[in-house]
Amino acid sequence: MSNRFRVLRAFFTESESPLDTDQIRTLTGSVPDNRPGDADMLVTHENNIRWSGRNLDNRFEKSKKRITAVYRVFSVLAAVMIIAVLLFTVTDLPSFGGVEKPTQNEVQQRYLEKGLEEGGATNLVANMILDYRAFDTLGESNVLFMAVCTVILLLRISQGDTDRRLREENDDRHFEPKNDLILQTGARVLVPVIQLFGIYVILNGHLGPGGGFSGGAIMGAGLILYLSAFGFARTERFFTFRTFKTVSFTALSFYALSKAYSFFTGANHLPSVITTGTPGAILSAGLILPLNIAVGLVVCCTMYAFYTLFRKGDM
Amino acid sequence: MNLFLLLLLLILIFNAIAVVLTKNLLATCLIFMAQSTVMVLVWILLESPDLAITEAAVGAGVSSLLMFITLKKIHVIDEEAGKGGGNHNE
Amino acid sequence: MLQKLADNYVSAAAVILFGIGFTTLLLNKNLVRKIIGFSFMDSAMFLFLAAQGYIEGGKAPILDPDQLTARTTFINPVPAGLVLTGIVVSVSVTALMLALTVRLYRRYHSLDIDEICRLAGKEES
């Protein structure tokens, strides 16, 4: 880019300190010389620097304040306009709670009427997301997995970088008092109850509200509480990076393969070995129970991985 | 017109305005956590218990926890001075 | 027109929440506040979607195994499924943005977006 453009950019974004010779040299790539034509952005020689610097200072302040004020006014104006246009659209929507809407069509009728005999689950929402629309849920589990892979890329400290690792550990220890008696006593009582409740929510996902995502998040929260109370040394006895890799990969592959079997037999009108069972029993609803378990495991590992990557940079 | 639902929606809007105007960064994250909790009640009033459980576990639990631990990592929560948070204005 | 807005008060509140979240994105310079504004916009969109699925007098779509033939009106389950997916994607995106914030702070020691752009620009020139 040209020299003049670079200096202009520095003019708009530079802080309040005036330019001195070194900064000008790095900005323009050349030593300033006696050129009267370039206003007062380039200085001529040492005597003039202070004078032009003061002038430059005032102009920095004023233009910066003016630009900021104009930007703020325009952004509030833009937001008010967006709200006004969208509110105007809301007045054209069908009324809240009414029955004669375009979203009440035959798709919804089919899910509500035939859901029990085709899927087998009494929770019709779980029936919909894990039987009729299972592909969407696979995509969502993939989004979680990709997010955790990217956070590993960003925040994980590699094995060979020992001084960075020591610095992170000291930083961590500075903020947490280890061996807190209240926290440990509370965690000893609470963590088993939380894990048990999480397992209950996952296993009863097809019979009542809940399912894979909420149960998995509850189990992940229980693991985070255990980690906060007892430290990394005890948690790494049963949950390492290798555990995380194995469990996530196995759960996602199981989801993909078992649903692929279901797609294959359904598309070719073949009889499949998976039955729907009696509604209301635990072992019913075909593939919905195993898929709930798979999704729950992925979400649990993901939530725990987020926390420990932020805190220590390793698992 | 459910008055309780209307009251909860007004609380949500008030939270959103408070995020723009608060100076303290730790208080902003607490408002974020409160907003997730109020959303749980709104989902129950809209007759969707699946959404309520998921929002409670994920929004008011893990997401707010990640915010707090980010604040710790960027040294906003200062322990030696004994004061909590928020010397980052604007 | 005000009567129609009062009829659709949930959608109107969702739209106002969206606008305020957008304002937070534009007006604040702090990165963490921008992320919180982003999350407010997400919540507003979920509220809007779920409000489209509500039917007056409808119940939650969970059948009782003892009374399978009872005829109850249910709410529309399709928007509830969409919002369930959306909540999980929203938390993933928030976690990713927070990880980026931590890395930016480690490199530039500032949370101000103007400051970061300035320092990055000075570095590359």
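**Figure 1. Chain C is built from helices that follow one another as α-α-α-α-α from the N terminus on.** The view is taken from a predicted model. The secondary structure of chain C amounts to five helices and zero strands. Along its principal axes, the C-alpha trace of this chain spans about 70 × 40 × 15 Å. The radius of gyration of chain C is 21 Å, whereas a compact globule of 125 residues would have a value near 14 Å. The mean pLDDT of chain C is 89, and 100% of its residues score at least 70. Among the elements of the chain, helix H1 (residues 2-7) of chain C has the lowest mean pLDDT, at 84, and helix H3 (residues 31-51) of chain C has the highest, at 93.

**Figure 2. Helix H2 (residues 9-27) of chain C packs against H3(C).** The axes of the two helices lie 8 Å apart, at an angle of about 165°. Angles over 145 degrees count as roughly antiparallel, and H2(C) and H3(C) are therefore roughly antiparallel to each other. The crossing in which H2(C) passes H3(C) is left-handed. Sorted by class, the contact of H2(C) with H3(C) comprises 16 nonpolar, five polar and two charged residues.

**Figure 3. Helix H3 (residues 49-73) of chain B and helix H4 (residues 77-108) of chain C meet across two chains.** Their axes come within 10 Å and cross at roughly 5°. That angle makes H3(B) roughly parallel to H4(C). The residues in the contact of H3(B) with H4(C) divide into 14 nonpolar, six polar and three charged. From H3(B), the participants include Leu51(B), Val58(B), Val62(B), Leu66(B) and Met67(B). Asp50(B), Glu55(B) and Lys73(B) in H3(B) also take part. Among the residues that H4(C) brings to this contact are Val83(C), Leu84(C), Ile87(C), Val91(C) and Leu98(C), together with Thr94(C) and Thr101(C).

**Figure 4. Helix H6 (134-155) of chain A runs beside helix H10 (residues 241-267) of the same chain.** The axes of H6(A) and H10(A) come within 11 Å and cross at roughly 160°. The two helices are therefore roughly antiparallel to each other. Their crossing is left-handed. On the side of H6(A), the residues in contact are Ala134(A), Leu138(A), Ser141(A) and Phe145(A). These residues meet Ser248(A), Leu252(A), Tyr255(A), Ala256(A) and Lys259(A) in H10(A). By class, this contact of H6(A) with H10(A) holds six nonpolar, two polar and one charged residues.

**Figure 5. Chain A touches chain C through residues of several helices.** In this interface, 48 residues of chain A are in contact with 46 residues of chain C. Helix H1 (3-13), helix H3 (46-90), helix H4 (106-119), helix H5 (124-132) and helix H6 (134-155) of chain A each give two or more residues to the side that touches chain C. That side of chain A has 29 nonpolar, 13 polar and six charged residues. For the complex, the predictor gives an ipTM of 0.88 and a pTM of 0.82.

**Figure 6. Chain B also touches chain A.** The contact takes 15 residues from chain B and 17 residues from chain A. The residues on the side of chain B that touches chain A are eight nonpolar, three polar and four charged. Over chain B, the mean pLDDT is 85, and 83% of its residues reach 70 or more. Among the elements of chain B, H3(B) has the lowest mean pLDDT, at 92, and helix H2 (residues 25-45) of chain B the highest, at 94. Over residues 80-87 of chain B, the pLDDT is below 50, and beyond near neighbours in sequence this stretch has 15 contacts in the model.

**Figure 7. Confidence in chain A is lowest in helix H2 (residues 21-28) and highest in helix H8 (residues 181-203).** The mean pLDDT is 48 for H2(A) and 93 for H8(A). Over residues 10-22 of chain A, the pLDDT is below 50, and this stretch has 17 contacts in the model beyond near neighbours in sequence. Residues 24-53 of chain A also stay under 50 in pLDDT, and the model has 31 contacts for them beyond four places in sequence. The mean pLDDT of chain A is 79, and 79% of its residues reach 70 or more.

Note on methods:
Residues numbered from 1 in each chain as written. Chains lettered and ligands numbered in written order. Predicted model: local features only at pLDDT ≥ 70, side-chain atom pairs only at ≥ 80, totals over all residues. Contact = placed C-beta atoms within 7 Å. Helix = DSSP H or I, 4+ residues; strand = E, 2+ residues; numbered from the N terminus. Nonpolar A, V, L, I, M, F, W, Y, C, P; charged D, E, K, R; others polar. pLDDT = per-residue confidence, 0-100. Axes fitted to C-alpha atoms, helices over the stretch in contact; angles between N-to-C directions. Parallel < 35°, antiparallel > 145°, perpendicular 65-115°, else oblique. Left-handed = near helix turned anticlockwise from the far one by under 90°. Rg over C-alpha atoms; globule rule 2.2 N^0.38 Å.
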